[in-house]
Amino acid sequence: MNACDSCLRRSALLALLAPWIARALGAHRRLPAVLALDDERLVKAICGPRRGPVDEALGRFDPRAARARAAGAGLSAVCRHDSAFPAGLAQASDAVSALYMLGDPARLAALGCGRPVAVVGARRASAYGLEVARILGRDLAAAGVPVVSGMALGIDSAAHEGALDGTGLTAAVLAGGADVPYPRSRAGLHRRIAAAGLVVSELPPGTRPQRWMFPARNRIMAGLAAITVVVEGTESSGSLITATFAEQLGRDLGAVPGQITSALAAGPNGLIAEGACVVRSASDLLDALYGAGARRPAPAPPAPLEPRLAELLAAVERGEASPDALAAQPADVAAVLAGMTELELLGLVRRVGGGGYVRRA
């Protein structure tokens, strides 16, 4: 537990002021300026003349009790005055004071040395977006690149799951306390990440997330990452907030191209139009991190498929992947189902909701 008293106090102050900060912000664009205020000016800006109860609560703050509470929740903590604190987080004016961590704290050094990639995107993602996020997470992790995301529904969770499948390091940055799985439906993923990677937050244990905390945690993801990649998102998507923070820090941006008729592609396609790196696979990101043309083992060419399986795979690639469309193939239903099972076992398709299939890379 290497966080100093003043940084632990700052985290406690943010949690204490949480219900009032959102009202004071008005818009996420003001968030960096508000979080850049020192403790005294922050209390004055948020509370004004009604600061008495806050001052009293801060006067009762006990750093030893804060450390004991964190330890009781299974958390460790490091602050910006410690050499183990990620250098990338200390560069912004609204830099984080302390990080609470669930998981082996030794992994924080690996996170800082590994040039992490933040993979973010829409919560209500398409099957295509989820598959891309999962593949990027898996292939980056397998190449030794840490994967950072926010454990939200959709793209974030898919990226974490892919990184875990790739047996690499992944870090989830939470809006609330690191010991509070959010959303609750991702409690299982939260446990898996804590066991193999890190769950981090700037807020003390037990803190329940509020709306302003999500863009606040986005700045942490951008600060930890060497590159931020947007997989899917509308023009008003929260993932673009992360991209904005990354840009302000002078970090690289990447985006996965999508269909121009899709609202979920508007965000990444817009970033590409503004100069973001086009991300077609993890190889594009490895080129951006370590230099274009770096030699990597070429994948073995796939074995040719039997004609009946090739026809089914072509149907899936054309979007004819629903049960009704597959049943309309020139073969009996049993043969179609058997063929789809073979393609699934070969890792060429994946089953999605409603009984349909999508192509896997």
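**Exercise 1. The second largest cavity**

In this predicted model, helix H10 (residues 213-224) gives the largest share of the lining of the second largest cavity, four residues. Find the volume of the second largest cavity, the residues that line it and the classes of those residues.

Solution.
1. The volume of the second largest cavity is about 40 Å³.
2. Its lining consists of Leu174, Ala175, Ser201, Glu202, Leu203, Trp212, Met213, Ala216, Arg217 and Ile220.
3. Helix H10 spans residues 213-224, and the lining residues include Met213, Ala216, Arg217 and Ile220.
4. Sorted by class, the lining holds seven nonpolar residues, one polar residue and two charged residues.

**Exercise 2. The largest cavity**

State how many cavities of 30 Å³ or more the whole structure has, then describe the largest cavity by volume, lining and class.

Solution.
1. The search of the whole structure returns two cavities of 30 Å³ or more.
2. The largest cavity encloses about 40 Å³ of space.
3. Around the largest cavity stand Arg123, Gly150, Ala152, Leu174, Ala175, Tyr182, Pro183, Phe214 and Arg217.
4. Six of these lining residues are nonpolar, one is polar and two are charged.
5. Leu174, Ala175 and Arg217 are among the residues lining the largest cavity, and they are also among those lining the second largest cavity.

**Exercise 3. Cysteines 4 and 7**

Determine how many disulfides the structure has, and decide whether cysteine 4 and cysteine 7 are buried, partly exposed or exposed.

Solution.
1. Over the whole structure, zero disulfides are found.
2. Cysteine 4 is in no disulfide, and its nearest cysteine sulfur, at 3.5 Å, is that of cysteine 7.
3. Cysteine 7 is likewise in no disulfide, with the sulfur of cysteine 4 as its nearest cysteine sulfur, 3.5 Å away.
4. The cut-off for a disulfide is a pair of cysteine sulfur atoms within 2.5 Å, so a separation above that value does not count.
5. Cysteine 4 has 22% relative accessibility and therefore counts as partly exposed.
6. Cysteine 7 has 3% relative accessibility and therefore counts as buried.

**Exercise 4. Threonine 228**

Place threonine 228 in its secondary structure element, classify it as buried or exposed, and list its contacts beyond four places in sequence.

Solution.
1. Strand S7 (residues 227-230) contains threonine 228.
2. The relative accessible area of threonine 228 is 0%, so this residue is buried.
3. Leaving out residues up to four places away in sequence, threonine 228 touches Ala118, Val120, Ala222, Thr242, Ala246, Asp252, Leu253 and Gly254.
4. One of these contacts, Ala222, falls within the residue range of helix H10, 213-224.

Key. Residues are numbered from 1 along each chain as its sequence is written. This is a predicted model: local features need pLDDT of at least 70, side-chain atom pairs count only at pLDDT 80 or more; totals for chains, interfaces and linings use all residues. Side-chain values use heavy atoms; hydrogens and water are left out. Helices (H or I, at least four residues) and strands (E, at least two) are DSSP runs, numbered from the N terminus. Buried means under 20% relative accessible area, exposed over 50%, partly exposed in between (1.4 Å probe, protein chains only). Contact means heavy atoms within 4.5 Å. On a 1 Å grid over the protein atoms alone, a cavity is a set of points where a 1.4 Å probe fits but cannot get out, and a pocket is an open set with protein on both sides within 12 Å along at least five of seven lines; lining residues have an atom within 4 Å of a point. Grid points are joined across faces, edges and corners, and a volume is the space filled by probe spheres set on the points. Ala, Val, Leu, Ile, Met, Phe, Trp, Tyr, Cys and Pro count as nonpolar, Asp, Glu, Lys and Arg as charged, and the others, Gly among them, as polar.
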